[in-house]
Amino acid sequence: MNPKIVNEDTEFLCKVILNLNSVEECYSFLDDLCTVKEIHDMAQRLKVAYMLSNHEIYADIVKDTGASTATISRVNRALSYGSDGYTQAFKRLAENQKKEDKE
């Protein structure tokens, strides 16, 4: 965990996010918390991370997401040298998708 982001306020933020129960609740929360641009920027970075984790090339990522190569490089550094947050999230998403497919 990155100590630069850990404090009482971010702890509260994480707990609130973890207590949301649906995509609809998440949309409502993000809409209240963030600007439209902030939401779109986060979603774009997440998609870039997902595409990079699937070994897609920069040119395809730029074309599909509209992200700059600087943003892609920044996300790639986070994937390579970050806290493994993207990796954990994508792994959990895949595990949950497999569970849903079996049901």
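Is Arg 92 exposed or partly exposed? In this predicted model, Arg 92 has a relative accessibility of 52% and therefore counts as exposed, given that the exposed class begins over 50%. The partner of Arg 92 is Glu 95, with which Arg 92 forms a salt bridge whose closest N and O atoms are 3.8 Å apart. Glu 95, at 36% relative accessibility, counts as partly exposed. Both residues belong to helix 6, which spans residues 85–102, and they are 3 residues apart, about one turn of the helix.

This pair is one of 4 salt bridges that the structure holds. Another joins the side chains of Lys 15 and Glu 11, with a distance of 4.0 Å from N to O. Here the two residues lie in helix 1 (residues 8–18); because they are 4 residues apart in that helix, about one helical turn separates them. Lys 15 has a relative accessible area of 47% and is partly exposed. Glu 11 is likewise partly exposed, with a relative accessible area of 39%.

A further salt bridge is made by the side chains of Lys 47 and Asp 64, at 3.1 Å from N to O. This pair links distant parts of the chain, since Lys 47 lies in helix 3 (residues 36–53) and Asp 64 in helix 4 (residues 58–65), with their positions 17 residues apart in numbering. As for solvent accessibility, Lys 47 counts as partly exposed at 38%, and Asp 64 is partly exposed with a relative accessible area of 44%.Helix 3 also takes part in a contact with helix 5. Two packed helices are described by the distance between their axes and by the angle between those axes. For helix 3 and helix 5 (residues 69–81), the axes come within 9 Å and cross at roughly 65 degrees. The crossing of helix 3 past helix 5 is right-handed.

Which residues of helix 3 and helix 5 meet? From helix 3, the contact involves Gln 44, Arg 45, Val 48, Ala 49, Leu 52 and Ser 53. From helix 5, the residues are Thr 71, Ile 72, Arg 74, Val 75, Asn 76 and Leu 79. Sorted by class, the contact of helix 3 with helix 5 has 6 nonpolar, 4 polar and 2 charged residues.

Helix 3 thus appears in two settings: Lys 47 in helix 3 is paired with Asp 64 in helix 4, and residues including Val 48 and Leu 52 of helix 3 meet helix 5.

Key. Residues are numbered from 1 along each chain as its sequence is written. This is a predicted model: local features need pLDDT of at least 70, side-chain atom pairs count only at pLDDT 80 or more; totals for chains, interfaces and linings use all residues. Side-chain values use heavy atoms; hydrogens and water are left out. Buried means under 20% relative accessible area, exposed over 50%, partly exposed in between (1.4 Å probe, protein chains only). Axes are lines fitted to C-alpha atoms, for helices over the stretch in contact, and angles run from 0 to 180 degrees between N-to-C directions. A crossing is left-handed if the near helix is turned anticlockwise from the far one by less than a right angle, and right-handed if clockwise. Contact means heavy atoms within 4.5 Å. Ala, Val, Leu, Ile, Met, Phe, Trp, Tyr, Cys and Pro count as nonpolar, Asp, Glu, Lys and Arg as charged, and the others, Gly among them, as polar.
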